[in-house]
Amino acid sequence: MRETPRPRETAADSGSGLPQHRPGRAFAHAGADGSGTPHRSDGRPPHTPRGARRTDPAGHPGTTPPVPGWPAPLVSGYVRGALGLLAVLFAVITWQVVVEGPLFRLDERVGGKLFGTGPAPLTQVLSDLGGMAVALPVLTCAIAYALWCRALRLAVYAALTMAAVPALVIPLKVATARQGPLTEAVNYYPSGHTATAAVAYGATALVLLALERPAWLRGASWPRAWMMPVAAILLTTATGIGLVLHGYHWPLDVLASWCLGPLVLAPLWWVSCRSRRRSSSRTPSC
């Protein structure tokens, strides 16, 4: 067989000298001033230890680009799992109330021991936190602020979330027709005051978290972001405790509304996260 002739090597190619810089080519490790000093565009030294590299939430080097949908895969997975558990718990409680099962009987025994405990004026004040006269104005102020910041979609979702409370609670009250404590009246399950507090204060926190703080608060160290959801949780918890201790509701009435509140708030939470992502990438408008 004939061998394919190879091109002759020139004297320059056969030498053992260092590679020569070719015009028109980018020299990967040359400095900006042509001094040959190695540099990197991200400011790291040329040989960064593997342990010092930044990683994404999955542990891989680099960062994960933002994707549409849920705010973060890990966080959204936990949130959806928690919402699923709350939905199952709410269904179990409702079933027990309807069939007057073991949980129903235990609830009446526990409730009978809790009624009247604690100072009556304090439990009355805590119960009133879930009234429309107290909770609704708080959410109305948050919706007005969202409209002032031109967050129309966020304001509409917040209003629809609040409107969903009577649309869900009233049919459940009529369907279960549970008798209230210390009274002959019925339609006490689930607790409307607790559901109102959970949705009104929770929606207020979600709306405010999605919006930029006013200019006079941007330089302050407070209020921090975690304070608003914590305040909403505390107000909702206090409302339910006051309703039970004062004798307005059975414990399961309140527990069911604690489960129902996050389920109603889930769409607004999703919109709030998307609004917060968009607002962080542009100049504040309010």
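**Note on an all-helix predicted model**

1. Glu-100 sits in the loop between helix 2 and helix 3 (102-114). This is a predicted model, and the backbone at Glu-100 deserves a look: phi is near 55 degrees, a positive value in a residue other than glycine. Most residues other than glycine have a negative phi. Glu-100 has 47% relative accessibility, so it counts as partly exposed.

2. Arg-150 is another residue with a positive phi, about 65 degrees, although it is not a glycine. Its place is in the loop between helix 5 and helix 6. Is Arg-150 buried or exposed? Its relative accessibility is 68%, and because the cut-off for exposed is over 50%, Arg-150 counts as exposed.

3. The next backbone feature is a peptide bond. Most peptide bonds are trans. The bond that joins Tyr-189 and Pro-190 is cis, with omega at about -10 degrees. Pro-190 belongs to the loop between helix 6 and helix 7.

4. Now the overall plan. The protein chain has ten helices and zero strands, so the pattern read along the sequence is α-α-α-α-α-α-α-α-α-α. Of its 286 residues, 33% count as buried. Among contacts in the chain with a separation of 6 or more, 72% are between residues 24 or more positions apart.

5. Two pairs of residues show how parts far apart in sequence are placed in space. Val-79, found in helix 2, has its C-alpha atom 9.0 Å from that of Ala-266, with their positions 187 residues apart along the chain. Val-92 also lies in helix 2; its C-alpha atom and that of Ala-256 are separated by 9.5 Å, and these two residues are 164 residues apart along the chain. Both valines count as partly exposed, because Val-79 has 24% relative accessibility and Val-92 has 33%.

6. Helix 7 (residues 192-210) can be checked by its length. What span should its 19 residues have at 1.5 Å a residue? The expected value is 27 Å, and the end C-alpha atoms are 27 Å apart, which agrees. A student repeating the sum should multiply 1.5 Å by one less than the number of residues. As for its surroundings, 16 of the 19 residues of helix 7 are buried, so this helix is largely enclosed by the rest of the structure.

7. The largest nonpolar core has 43 residues. Those with the most contacts inside it are Leu-139, Leu-154, Val-207, Leu-211 and Leu-268. Two or more residues of this core come from each of helix 2, helix 5 (132-148), helix 6 (152-176), helix 7, helix 9 and helix 10. In soluble globular proteins, nonpolar side chains tend to be buried together.

8. Leu-154 is worth picking out in the viewer. Which residues does Leu-154 touch, not counting those up to four places away in sequence? They are Val-207, Ala-210, Leu-211, Leu-268, Val-271, Ser-272 and Ser-275. One of these partners, Ser-272, is in helix 10. Ser-272 has a relative accessible area of 1%, so it is buried. With the sequence neighbours up to four places away left out, Ser-272 touches Leu-154, Leu-206 and Ala-210.

9. Ser-127 is a second buried serine to inspect. It lies in helix 4 (residues 120-128). Why does Ser-127 count as buried? Its relative accessibility is 1%, and the term buried applies because this value is under 20%. Leaving aside neighbours within four places in sequence, Ser-127 is in contact with His-193, Thr-239, Gly-242, Leu-243, His-246 and Tyr-248.

10. The last point is the largest pocket, with a volume of about 630 Å³. It is lined by 23 residues, and those nearest its centre are Gly-202, Pro-229, Ile-233, Pro-262 and Leu-265. The elements giving two or more residues to the lining are helix 2 (73-99), helix 7, helix 9 (227-246) and helix 10 (251-280). Which helix gives the most to the lining? Helix 10 does, with nine residues. By residue type, the lining divides into 17 nonpolar, five polar and one charged.

Conventions
Residues are numbered from 1 along each chain as its sequence is written. This is a predicted model: local features need pLDDT of at least 70, side-chain atom pairs count only at pLDDT 80 or more; totals for chains, interfaces and linings use all residues. Side-chain values use heavy atoms; hydrogens and water are left out. Helices (H or I, at least four residues) and strands (E, at least two) are DSSP runs, numbered from the N terminus. Buried means under 20% relative accessible area, exposed over 50%, partly exposed in between (1.4 Å probe, protein chains only). On a 1 Å grid over the protein atoms alone, a cavity is a set of points where a 1.4 Å probe fits but cannot get out, and a pocket is an open set with protein on both sides within 12 Å along at least five of seven lines; lining residues have an atom within 4 Å of a point. Grid points are joined across faces, edges and corners, and a volume is the space filled by probe spheres set on the points. Ala, Val, Leu, Ile, Met, Phe, Trp, Tyr, Cys and Pro count as nonpolar, Asp, Glu, Lys and Arg as charged, and the others, Gly among them, as polar. A nonpolar core is a set of buried Ala, Val, Leu, Ile, Met, Phe, Trp, Tyr and Cys residues joined through side-chain atoms within 4.5 Å. Contact means heavy atoms within 4.5 Å.
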